[in-house]
Every structure is written in C-alpha cells, then in structure tokens.
Protein chains: 2
Amino acid sequence: MGIVERKEREKEDMRRRIVDAAQHLFVQNGFEKLSIRAIADEIEYSPATIYLYFKDKSEVLYAVHQQAFGKLMQEFQPILSISDPFEKLVTMGRKYTTFAVQNPELFDVMFIITAPMETLDCREEIWAEGRLSFNMLVLVVQECINAGIFQKQDPEVAAMMIWSTIHGYTALFIRKRMSMFSDERRAELMHQAFNLFCTTLKKGL
Amino acid sequence: MGIVERKEREKEDMRRRIVDAAQHLFVQNGFEKLSIRAIADEIEYSPATIYLYFKDKSEVLYAVHQQAFGKLMQEFQPILSISDPFEKLVTMGRKYTTFAVQNPELFDVMFIITAPMETLDCREEIWAEGRLSFNMLVLVVQECINAGIFQKQDPEVAAMMIWSTIHGYTALFIRKRMSMFSDERRAELMHQAFNLFCTTLKKGL
DNA sequence: CATTTTTACTAAACAGTGTTCAGTATGTTT
DNA sequence: AAACATACTGAACACTGTTTAGTAAAAATG
C-alpha cells in the first residue's frame, strides 16, 4: 500500500510550497512584510494550515534560512576551483559581501535576524549550515598555511578572525551604520579597508 | 511672561520621560516586547500622547539609540587616558564587546536594528553619534601611526578595518551565529581570534 | 471678568500581526 | 455501511502601530 508514501510525499510537498512562498515574499518585501497570513494567501490556504506543517513562524524562517545557505554555497562552488589559496580566500570574502548586497533579505535571515536561531536553540541541535560554511573557510585557510602564505597556526582561529572582519564590514554596511560618510567616501572607504585587510593578512598572519 | 519657557520645559520633560520609559522597557524586555502601548502604560498616558512628541516608533528608538551612545562614550572615557596608543586601541576593542554582552539590547539599537537609521534617513541628517565614535577610533589609530606602531596610511581606512573586525566578531556572537561550537570552544575561539587580530595588526599594519 | 482661542490629551477605531481551537468535510480502514 | 483518521478552515484571542474626532483645561484677548 503506497498510500502512506504518497501522504508522506504530499506532506513534504506542502512544506516545500510554504517555504517557497515564504522565501518569495521574503525576498520581495523583506522581513517586516512577511506574515503568516501573506504566506497563506500566496499558497491559497488558510493561515491555520501553516501551523500543521510548522511549529511557528520562526520554524518557517529557519527553513528559508537553510535554503538561503544552499544558494550561498552554490555561489561559492566555482570559487573553490581557484588554484591560488590566497586568491581563493580573497574572492570568497568579496563574494560574501556581494551576496549580501544582492540578497540583503537572505543575508538578514542567514546572519542577522535572531528568529531562525531560536528554533535551533529550542531543538538543541547543532547549526549544520553554519558549521558547513565555516568548514569551507577553514579548509581554505589551511591551504594558505600549507602553501606557506600564513604561518603555522590553528586554522579555525584564523578563519574566525577573517570571517569576523568580512562579516563586520558587510553587516555595518547592510544595516546602514556607515551613513556618517557620503556615498562616494563610503564606497572608497570600504574598498580600501578590504584591500588593507588583505595586505595585512598577507604580511601579518 | 515665562509661560512659553515653562511650556518648552514641560515639552522637553515629557520627551525625556517617554525616552526613559522606552529605554527602561527596552533594556528589560528587548526590542520585540517594546510597544508604544507599553511605553504609554509606563508613563501613565494614552498611546496617542506619544505621537504628540514623536513622529513614530522609529523616532523614539532613535532617541534611545542616542542615549545608548552616550552611555558607551561614557564607558570609553577612562580608556582614553591610557598612554600607550596600541594598548588603548586593544582596550577599546575589548570594551566594545563587553558593552555588547552586558547591554545586548542597547547594542542592538545602536548597531544592528534598522529602525533608528530610518528616521535619520528621512531627516537626511548626518549620523552624528556614529561620526563622533568613529572619530574617537580614528584618533587612536592616528596616535598609533604617529608612534610608529602602524605604518603611515589613511587612519580612516585603518579604523574602518579595525571597527569591522571587532564589530563582526561581536555581532556574530550576539546574534548566535557561533552556535556551531560548544560553549567552551566558542569562548576559546573568540578569545584567540581577538588576540590573533591584535598581533596581526601589530605585525602587518 | 467673560469670551474666544489654543493647547494637551484621550477614547475609539482601523488595519494589521501570530497563534489556537472547535468544527467540518473528505479519505481510509474496518 | 459504520468507524475512524486526516486535512483543513472560520472565527476568535490578544496583541501591534497609527489616526482621528472630540473634550477639558489653560492661556490670551476683549
């Protein structure tokens, strides 16, 4: 009897439809405008139905968060084939920022908004997406160490420092914390600060 | 006739009472729980009254944001008397993080939440608080350059890079984006990453 | 002092939010 | 055909930010 399997498939289908609608609305109108009722409208079901597939709004956001990580990882893929490890690292850093600029709402749910982390917290699971992406960075840092570009050291510590800088720079920009500068000065400052960080790494790490 | 002056004072008083209540509730219950109605309850006025003193909720948040910057600046004050410029810089960095950990809600409104920046945007003003604090950092970086600890360079670019790292590191922690590590490993990683950044600066900048 | 005008304030409503629950209609099993 | 399980929804609850019409007190004016 394939009924159980079909039901399983249908359940999975509905979950996917909800998440797709959520992501669609989220990317289009941002976090503020994303409501359970809007998602329900989009998929042409009642709001209550969503609660049959997700515990709460945070869980829906967590699913969107997971999908967004898939997208970022996909965009990182071609970079991995760059042979020079330092150039690979720099290109990854640049990609992190351009991804954020091109998909500000996705960046929000991935790295800034607290909601998706709350479901993770209460589930007491490890943050798989975070671990995976961080490992990716650690690997590249390890390559830099192996190639003698960086000194011998804990690659996780170095990766943490590098991620911090790139993230900080990006988050400050996305959240408009560089609005004390004119548009031109801000662009110039960001560009130069990024380059300075790269040269500093090459010299000091 | 001092009536106009008294009215002015009363108006200012009411504004202060609203902001104080907002900050109080904000620090106590966080951004999510801060509502106009809660503020109104606290000061024992109707919600509509708040709109006689502030354009909208964002403007109230901007006032809280300003007050929070006052508090941070106050905590930075004693650090400024440290004679060694590099030690001063490092201590400032540490303070940025401990402030965030001890006042997560204030850190939120100062550097993460978009709301207060929106009122600034539509007022088309410069972000005075941001400019002031950034200048503080630039000054210390300039001292490091003068002392020969850093090479001759644009101090704003260097300051931008340093702020990015410290902010990134802090924001990732506050927003639970290091939950792929155990509590101990996370603490260790943050500590080491901070130290690594300091030594890298000293060597490479 | 009496009257007009201005100021300060609020009750009530509007349109929205996340979430829950009783009730229904359909599909599946016995 | 009867019993049960599943999938779904309308309506409600308790909230949210914000606006507006109306009121009572204070100030200014004649």
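What share of the 205 residues in chain A is buried? Buried residues make up 34% of chain A, where buried means that 20 or more other C-beta atoms, placed from the backbone, lie within 10 Å of the residue's own.

Before we go on, a word about the source: this is a predicted model, in which local features need pLDDT of at least 70, side-chain atom pairs count only at pLDDT 80 or more, and totals for chains, interfaces and linings use all residues. Residues are numbered from 1 along each chain as its sequence is written, while chains are lettered from A and ligands numbered from 1 in the order in which they are written.

**Chain A as a whole**

Chain A has 10 helices and zero strands; helices are DSSP runs of H or I with at least four residues, strands are runs of E with at least two, and both are numbered from the N terminus. Its C-alpha trace spans about 65 × 45 × 30 Å along the principal axes. Of the contacts in chain A with a separation of 6 or more, 62% join residues 24 or more positions apart. Two residues are in contact if their C-beta atoms, placed from the backbone, lie within 7 Å.

**Around the DNA**

Now let us look at the two DNA strands. A residue is near a strand if its C-beta atom, placed from the backbone, lies within 6 Å of it.

| DNA strand | Residues around it | Closest residues |
|---|---|---|
| C | 20 residues | A:S35, A:A48, A:D56, B:S46 and B:A48 |
| D | 20 residues | A:S46, A:A48, B:S35, B:D56 and B:K57 |

For strand D, two or more residues each come from α1 (3-33) and α3 of chain A and from α2 (36-43) and α3 of chain B. For strand C, the largest share, four residues, comes from α3(B). The surface near strand C has 12 nonpolar, three polar and five charged residues. Here Ala, Val, Leu, Ile, Met, Phe, Trp, Tyr, Cys and Pro count as nonpolar, Asp, Glu, Lys and Arg as charged, and the others, Gly among them, as polar.

**Two helices of chain B**

In chain B, the axes of α5 (residues 85-102) and α9 (residues 155-174) come within 10 Å and cross at roughly 20 degrees. Axes are lines fitted to C-alpha atoms, for helices over the stretch in contact, and angles run from 0 to 180 degrees between N-to-C directions. α5(B) and α9(B) are therefore roughly parallel, a label for angles under 35 degrees. B:G93, B:Y96, B:T97 and B:A100 of α5(B) make the contact with B:I166, B:T170 and B:I174 of α9(B). These contact residues comprise four nonpolar, three polar and no charged ones.

Key. Parallel < 35°, antiparallel > 145°, perpendicular 65-115°, else oblique. Buried ≥ 20, exposed ≤ 12 C-beta atoms within 10 Å, placed from the backbone.
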